[in-house]
Amino acid sequence: MMNDINERLLLSQARIAEIKNDTMPNPRYCDFFVIAAEYIEFVLDVREKLGKDGVYSGELELEELNEKLFFGLSEDYGDGFIIDAPYFNSFANPDHADIVFGTFTPYICFLTAELHNLPQLIYDGKDEAVTILLELFLEIYNLFLMDASPLLKSVRDAVYFYAFDYAEYFLMDRTREMFVPETGLIYDIVMNADLSDTSYLYRYGENISYSELELAEFMNTLSDEEIESMASTFTQGMRRGFTSMNVDFDSRETVSIRFFIGQERLVRAAVKQFKDMGLKAILSRYAVGRVVRHGITKQGCENLSVFRQFEYDHRMDDSLFLDRKYMERKISAARAAYEEYADYMSVYGGPAVIETFGEEDFEPVSKDTACKYTDEQKKLSTELTSSMGLLREEYLPGDSYSFTIISFPVPDIGDDFNEIFRDTVKINTLPNDKYVGLQQTIIDTFDRASYVKVEGTHGNKTDMKVIMHRLENPDEETQFENCVADVNIPLGEVFTSPVLKGTGGTLHVSSVYINGLQFKDLIMTFKDGMVESYTCSNFDEEEKNKGFIDDNILFNHSTLPLGEFAIGTNTYAYEMGRKYDIMRKLPILIIEKTGPHFAVGDTCYSHAEDTKVYNPNGKEIISRENDFSLLRDTEPEKAYFNCHTDITIPFDELGRLYAVNEDGTEVDIIRDGRFVLPGTEGLNEGFGS
């Protein structure tokens, strides 16, 4: 098999080297294929000069090499628009590609985007994936070489069958990466590299910017004691998660550590601490501030490094091949992969994620030339997500593993990076015991309530009514989880899954960042716990505003339920955001702790409703499901939406939050942005800190 791959790769390489000498029947297409061929030749030359340890032995300086590998994705921004930058003139940019290729644009953009995966593939030693991709390039090239105006169907078929035919290969590879502990390139870098010499960063095959370099350099200034303490907060949070989620720990053998490049000192300490707990590490790396498009070569792999406008332009690339036949093929391929790695999945302990925040502000440019789902594909995408979720649950039940997640800033956040980092460590390590008591006072009040009201102020139009569950046995049952530093770090939250019927009103936030995207004047109305209408003011056209919410909050569902109502109590985190004017940069993980918030989508107990969960006081949390998750045994395809998006109202936009008892009496929890419920005054200590 390996000899066959080598032979195919050599044949592709030889043919690509000849492209510059070919004469195309339509010269307008020549530039793209020649430039792409030269890029491929350069990447393959780098491949020949890489050792198994990712060390490059060629003549280029590492920084120059990295710039050349990722040149076509470089971006600059001015007033929200891309200005003079390589990506502006790249064929991965649909606006530029459209000038040359017209109706062929989506397929050429897709091909270019896939080619930008080559650097990571060669560093990871994935020759088969490289070969498959080069064969797609040559197949499309030959169509344009043989005909001045090839049939659109022929180009479409090339892309379609690339996705269809290799679905199992790519899903098999991704599943192995997710669940099999390895001592490959990433593990070798993290555990064996000389981390005091930041040149190790270039061994990943990712775009390395000043952010990754400065982050690694800063981590090197921390003492061993500080690193060990930070890692302990993270690893012990994972361990506590098993207890709080009532999940058996002793049968777990692996943990997946997902981290950002530059955090290797912290990750190395975490690997060792998890090993002491009996967990082997599976490592996945990200580059700072990058997210993942819906491409093929990495099939949604979390560690793919791309740029944000590039990601936004290509977020619906799978629309080029998403039909029912492909959906069924992908589900079948996923089942085959899960069968292959079922033994590894059965001992999986869960993900331990180290996030970052503070990346430069990003406001996407919406392009009419970019790929978009049809109405039918939106339904298929939703159905595919649901089916894949059910399949994963079959092999990896949600009540069989835990998780933990923590976040730290990156140098992009500005001149106050050092101070913000240390303040973040402070909010990540607040005392659990103190907050358990303060938060329990709020929970006791809510447990007596019929419903809760949330009202905005200072221009905030929020007016929400949230129906509470009725407790049959209040001495042993409770509605809200008392959340401290375990699965979600930092501590500071009480949350519940509200009753849907009767819950409704208007939710408004003047500005909120969700998954790195800013929503301006986001307004959502609810009726009986379901999203009824929505808008924002990001774009001049209302259609684009609704489309922005459809894509990034509703995820193409026609509506979603209110899966969570919560109060964030970490006023130290809130004050840190205000002090450094970085509230817009804080991740959901932290921002949800800085005020009341609502989540649309599934509940916090999705796929684990049958597992009993208890608060520190021993009371069982009974609000683990809603009208949809109740269908999980009878109509599983209707039970889950496979999304959960938090939307937080900051304290300075909160006028009043109060409980209303069955007799109509009102009990204030928060008024004018401050906790006023007797026994919770200690939560105000973070204000002005």
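Student: Which residues gather in a patch of negative charge on the surface?
Tutor: In this predicted model, local features need pLDDT of at least 70 and side-chain atom pairs pLDDT 80 or more, while totals for chains, interfaces and linings use all residues. Residues are numbered from 1 along each chain as its sequence is written, and side-chain values use heavy atoms, without hydrogens and water. A patch joins like charges within 9 Å, or nonpolar side chains (Val, Leu, Ile, Met, Phe, Trp, Tyr) within 5 Å, among residues with over 30% relative accessible area (Shrake-Rupley, 1.4 Å probe, only the protein chains shown as cover) and no salt bridge. With Asp and Glu counted as negative, Lys and Arg as positive, and His and chain ends not counted, each charge placed at NZ of Lys, CZ of Arg, CG of Asp or CD of Glu, the patch consists of Asp95, Asp98, Asp368, Asp540, Glu541 and Glu543.

Student: Is Asp540 buried or exposed?
Tutor: Asp540 lies in the loop between strand 14 (530-535) and helix 20 (542-554); helices (H or I, at least four residues) and strands (E, at least two) are DSSP runs numbered from the N terminus. Buried means under 20% relative accessible area, exposed over 50%, and partly exposed in between. Because its relative accessibility is 81%, Asp540 counts as exposed.

Student: What is the order of the strands in the open sheet of eight strands?
Tutor: Two strands pair if DSSP finds at least two bridges between them. Strand 8 (residues 463-467) and strand 12 (residues 499-514) pair antiparallel over four bridges, with Lys465 opposite Gly504. Strand 12 is also joined, by nine bridges, to the antiparallel strand 13 (residues 517-527). The full sheet, with antiparallel pairing, has the order 14-13-12-8-7-19-20-21.

Student: Which strands are the edge strands of the sheet?
Tutor: An edge strand pairs on one side only. At one end, strand 21 is joined by two bridges to strand 20 (residues 666-671), which runs antiparallel to strand 21, and Ile670 has Phe675 as its bridge partner. The edge strands are strand 14 and strand 21.

Student: Which residue takes a positive phi in the hairpin of strand 12 and strand 13?
Tutor: Across this pair of strands, Val512 stands opposite Phe519. The hairpin has two residues between its strands, and the residue with a positive phi near 50° is Asn515.

Student: Which residue forms a salt bridge with Arg656?
Tutor: A salt bridge is a side-chain nitrogen of Lys or Arg within 4 Å of a carboxyl oxygen of Asp or Glu, and the whole structure holds 35 of them. Arg656 is buried, with a relative accessible area of 15%. In its salt bridge the closest N and O atoms are 2.7 Å apart, and the partner is Asp668.

Student: How many residues apart in sequence are the parts that the pair of Arg656 and Asp668 ties together?
Tutor: Asp668 also meets the side chain of Arg671 in a salt bridge of 2.7 Å, N to O. Since Arg656 lies in strand 19 (residues 654-661) and Asp668 in strand 20, their pair ties together parts separated in sequence by a number of residues equal to twelve.

Student: How far apart in space are Gly241 and Asn488, C-alpha to C-alpha?
Tutor: Gly241 is found in helix 12 (residues 224-244) and is buried, with a relative accessible area of 0%. Although Gly241 and Asn488 are 247 residues apart in sequence, their C-alpha separation is 8.8 Å.

Technical notes
Buried means under 20% relative accessible area, exposed over 50%, partly exposed in between (1.4 Å probe, protein chains only).
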